[in-house]
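Trainee: Could you take me closely through one part of this model, the sheet in the second chain, and then relate the parts around it?

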Amino acid sequence: MKLLKNLLKSPMFVIGALLFLSTLLIALLGPVFYKVTMERVGAQYGAPTAQFLLGLDDLGRDYVSLLLRGLRSSLFVGLLAGVIATTIGTLVGIYGGFRGGVVDDVLNMLTNLFVVIPSFVVLILISASFKEGRSLTLIGVIIGMTTWTWSARAVRAQSAALKSKDHISLAKLNGDSTLRVLLVHILPYIFSYVFMVFILQVSSGILSEAAISMIGLGPLDTVSLGTILNQAKNTGALGDGIWWAFIPATVVITLLVFALYLINTSMEGVFNPRLRK
Amino acid sequence: MQNDILFEAKNCACKFGHGKKVVKAVDDVTFDIKDGEIVSLVGGSGCGKSVLAKMMLGLHHPTSGAFTYKGEPITDYQVHWREVQAVFQDPFSCFNQFFTIRSQLKSAFGIYKEKPSNFEMEDRVDQALLAVNVKPSEVEGKYPFELSGGQMQRMLLARIFVLRPKVLIADEPTSMVDACVRANILDYLMKLKEELSMTIVFITHDIGLAYYVSDRLFIMHKGKIIEQGAPDDVTQRPKSEHTVQLLEDIPEIHKEWIKR
């Protein structure tokens, strides 16, 4: 509770959290108040009107509808990738750091291997190999599986620092199993780091999806913010000066990631007393 | 029972690191600890006394030499920790900040194969708290950061009263508390020895303090036990230069008492 109070004192956190919560609310409740339709409702790249505030796309579909759907997809893919990456990274990091020795060496080697393999290239290769059935979920899973190394590194360092603390020795003397030591005596101490890393993983997931979709390897089953940009790129909307084809989607992605970065940065200030004023 | 040997170390060593960076924290030590005695391990910072303590607990393993408890090498730690327990120097770092003191005292029962009934566990925690002069209501619902250093050190001792082990390894339990609490802690250690006939390994840098509480003194320096014997022998007729140094470092008033 005290932590939440401290966080709420930070304007950066409040702005970030409000921004993120409002995008979340828009994505979830938007379709309730606004009639989302994926049907053709007018001419190709129809300009914004009072009825269709952000104009129409290449196929004559309403951009507000597309953005609502896309925002939902981006949030889904970001959270999915974030959960997967943070879970794998935390498991690898917390166990490796705690065990040390050969186990740690092997896990560290594995982590470093994934660090040096450019994850975006892997993402492109895997996405490209799926000619059919490339779903949003699949993209989220691939992003999660290729970007967990940050979490692993951050968590490993924390876990290794904690393992020689007295309360861990005492937990062992209480007969606690390794699993219990990790979950009860280490995880709570590093939870703030894990949460911060999770936020970063979510934002990187959103950006990765947008990037992979932009180059045409995005999900085939739904609209995402990236696929909107991809369409704008493919149809030459950028060159023709049709701003409503790319600016709204770009702004939404930017705001989303910006909100997450604000949350992350403000949390660092609150969790790390040295950065507190 | 008095002369049964509990711990026996023969040429034990514990090294850290590899190659040129190797550090011999404990270097070729040989000693035994008998049932029911209080042995003090005395030495300056970094002399290896804490590592030796952790070896006795089975938290560190000897890299060479033979180390036995009741004549057997320590293999099953769950069994070992039912008999050998510890208190550490910094009580705040010993408790998990996220759980109440009481729940953590209770979790000490985890070491038993079969836990006693909930009623008995609660009762033993209450008794243990009373043994260190703390009313159970004083710590009810309290977290470690809500208590003072002296209270926390007593909580560590209460944990020992809960578990009633055969051997207690006390790693500098008095170095972070004020003089008044220190006297209390020593009283509780004596109580543990007398009432529960516990064997105590008392680790300290203060040879004056060790002199009062121990049956035997082990002086450690640079990972080796350089001298061992009865407190009077070691303090009156020190054989090594380092022991002389330790004795000289005692404040004057202490020395007056020792001479008496």
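Mentor: What follows begins with the sheet of chain B and then moves outward to a helix of that chain, the contact with chain A, and a helix of chain A. Please keep in mind throughout that this is a predicted model.

The sheet in chain B is an open one of six strands, which run in the order 6-7-8-3-9-10 with mixed pairing. Strand 6 and strand 10 (224-229) of chain B stand at its edges, and each has a single partner strand, so one side of each is left without a neighbour in the sheet. On average, and with direction ignored, neighbouring strands of this sheet are turned by 20 degrees against each other. Within the sheet, strand 3 (residues 38-42) of chain B pairs with strand 9 (residues 216-221) of chain B in the parallel sense, over four bridges, and B:V42 stands opposite B:I219 of strand 9. Helix 7 (residues 149-163) of chain B packs on the sheet, where it touches strand 6 and strand 7 (167-171) of chain B, and the direction of helix 7 makes about 165 degrees with that of strand 6.

Elsewhere in chain B, helix 1 (residues 49-57) is mostly covered, since nine of its nine residues are buried. Those buried residues include two lysines, B:K49 and B:K54, along with B:S50, B:V51, B:L52, B:A53, B:M55, B:M56 and B:L57. Just after helix 1 of chain B, B:G58 takes a positive phi of about 85 degrees.

Turning to the contact between the chains, 17 residues of chain B are in contact with twelve residues of chain A. On the side of chain B that touches chain A, helix 2 (77-83), strand 6 (84-87) and helix 3 (91-94) of chain B each supply at least two residues; strand 6 is thus met again here, having appeared above as an edge strand of the sheet. The residues of this side of chain B divide into ten nonpolar, six polar and one charged.

In chain A, helix 10 (residues 225-234) is mostly covered as well, with eight of its ten residues buried. The buried ones are A:L225, A:G226, A:T227, A:I228, A:L229, A:N230, A:Q231 and A:A232, and they pack against helix 3 (63-99), helix 9 (178-214) and helix 11 (247-271) of chain A. Just after helix 10 of chain A, A:G236 takes a positive phi of about 70 degrees.

How values were computed: Residues are numbered from 1 along each chain as its sequence is written. Chains are lettered from A and ligands numbered from 1 in the order in which they are written. This is a predicted model: local features need pLDDT of at least 70, side-chain atom pairs count only at pLDDT 80 or more; totals for chains, interfaces and linings use all residues. A residue is buried if 20 or more other C-beta atoms lie within 10 Å of its own, exposed if 12 or fewer, and partly exposed in between; C-beta atoms are placed from the backbone. Two residues are in contact if their C-beta atoms, placed from the backbone, lie within 7 Å. Ala, Val, Leu, Ile, Met, Phe, Trp, Tyr, Cys and Pro count as nonpolar, Asp, Glu, Lys and Arg as charged, and the others, Gly among them, as polar. Two strands pair if DSSP finds at least two bridges between them. Axes are lines fitted to C-alpha atoms, for helices over the stretch in contact, and angles run from 0 to 180 degrees between N-to-C directions.
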